[in-house]
Amino acid sequence: SRSGLRPSTLSRSVSHTISNHPFLSPKQPTPEEEHLSSYLQKYLTLAFENAPPAASSVSHYRMLASVVIEFCVVTQRLDVLYNDIFSKFVDKRQAHTFVDLLEPFVVTDQLKYISPVVMSEFVDYCKLAGDLRRVERCLLHMDVKILDFDSVLKLLRKNKLYTALLHIYTSGL
C-alpha cells in the first residue's frame, strides 16, 4: 500500500475498530451469512493465488475488488469487508485498488460508512492522485453521526474541504 500500512498491525487495528462499532455489527450473522462469507473468502484466496503477472494484473484486481465490495455491501457484511478483505488487499499491495472502487458505492448511498483505517488509506490515495474532492464527495454521502469526528474534522480543515466541513458540522452535531 502507498501509505505504508503493515498487514500485522492493520488486522489488529481494523478488527478492534469493526468489532466495537455498533453500526457494523448490529446483529450476529446467521449461519447462512457465515456460509456465504466463507465462500467469498475462498473465492478471494483463489483469485489472489491465480492473479496474472504484475504488468497485467490491474484489471484483475479491479474486477476482484468490485465483486467483493458489492457482495459485502449487498449482504451488509461490512465487518468482513473492512477486516478480512481489506487486509488481504493490503497484503497483496493492492489497497489503492480497493479504496479506489469504494467511491461509487458511497456516492450512490449504498455504503454509508468507511472504517477509519480504510478511510485513511482512501485519503492518502486521493492525496497522491491530487483529487481530495473525491473524499469530500464521499463524506457528503456518509452517515456523519458514526464517523470519528476528530479525525474527519482535522482532515477537512487541513485540506480546506469546506463543503464537507460544513456538512459535518450541520449534520453531525
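Asp100 is buried, its relative accessible area being 14%, which places this residue below the 20% limit used for that class. In the predicted model described here, Asp100 takes part in two salt bridges, one with Arg62 and one with Arg134. In the pair with Arg62, the side chains meet at 2.6 Å, N to O. Asp100 belongs to helix α5 (residues 95-100) and Arg62 to helix α3 (residues 58-74), so this contact ties together parts of the chain that are 38 residues apart in sequence. Unlike the buried Asp100, Arg62 is partly exposed, with a relative accessible area of 33%.

In the pair with Arg134, the closest N and O atoms are 3.0 Å apart. Here helix α5, which holds Asp100, is joined to helix α8 (residues 133-139), which holds Arg134, so the bridge ties together parts that are 34 residues apart in sequence. Both partners of this bridge, Asp100 and Arg134, are buried. These contacts belong to a wider arrangement: Arg62, Asp100, Glu103, Arg134 and Arg137 are linked in a network of salt bridges.

The structure holds eight salt bridges. Another of them is formed by the side chains of Arg77 and Asp79, at 2.9 Å from N to O. Arg77 counts as buried because its relative accessibility is 6%. Asp79 is likewise buried, with a relative accessible area of 18%.

The overall fold may be considered next. The chain has 10 helices and zero strands, and from the N terminus on its elements therefore read α-α-α-α-α-α-α-α-α-α. Of the 173 residues in the chain, 45% are buried. One example is Cys72, which is placed in helix α3 and counts as buried at 0% relative accessibility. Cys72 and Ile85 are 13 residues apart in sequence, and their C-alpha atoms are 9.6 Å apart in space.

Helix α9 (residues 149-158) shows how burial can be distributed around a helix. Its residues Val152, Leu153, Leu155 and Leu156 are buried. Viewed down the axis of α9, the buried residues fall within an arc of 160 degrees, so they line one face of the helix. On the other side of α9, Asp150, Lys154 and Lys158 are exposed. The general geometry of such elements is relevant to this pattern. An α-helix has 3.6 residues a turn, so residues three or four places apart point the same way.

Helix α9 also contributes to a pocket. The second largest pocket contains about 310 Å³ of space. It is lined by 18 residues, of which Pro116, Met119, Ser120, Ser151 and Val152 are the closest to its centre. Helices α7 (116-129) and α9 each supply at least two residues of this lining. The greatest contribution comes from α7, with six residues.

At the surface, Tyr43, Met63 and Val67 make a nonpolar patch of about 240 Å². Tyr43 lies in helix α2 (residues 31-49). With a relative accessibility of 33%, Tyr43 counts as partly exposed.

Backbone geometry was also examined. Most residues other than glycine have a negative phi, and most peptide bonds are trans. Gln76 is not a glycine, yet its phi is positive, near 55 degrees. This residue, Gln76, is placed in the loop between α3 and α4 (78-91) and counts as exposed at 65% relative accessibility. Asp109, also a residue other than glycine, has a positive phi of about 60 degrees. Asp109 is found in the loop between α6 (103-107) and α7, and its relative accessibility of 41% makes it partly exposed. A further positive phi, near 55 degrees, belongs to Lys160, which follows α9.

Technical notes: Residues numbered from 1 in each chain as written. Predicted model: local features only at pLDDT ≥ 70, side-chain atom pairs only at ≥ 80, totals over all residues. Heavy atoms only, no water. Patch = residues over 30% accessible without salt bridge, like charges linked within 9 Å, V, L, I, M, F, W, Y side chains within 5 Å. Areas by Shrake-Rupley, 256 points an atom, 1.4 Å probe, with all protein chains shown as cover. Salt bridge = Lys/Arg side-chain N within 4 Å of Asp/Glu carboxyl O. Helix = DSSP H or I, 4+ residues; strand = E, 2+ residues; numbered from the N terminus. Buried < 20%, exposed > 50% of the residue type's maximum accessible area, 1.4 Å probe, protein only. Arc of directions from axis to C-beta. 1 Å grid on protein atoms, 1.4 Å probe; cavity = no way out; pocket = protein on both sides within 12 Å on 5 of 7 lines; lining within 4 Å. Points joined across faces, edges and corners; volume = space filled by probe spheres on them.
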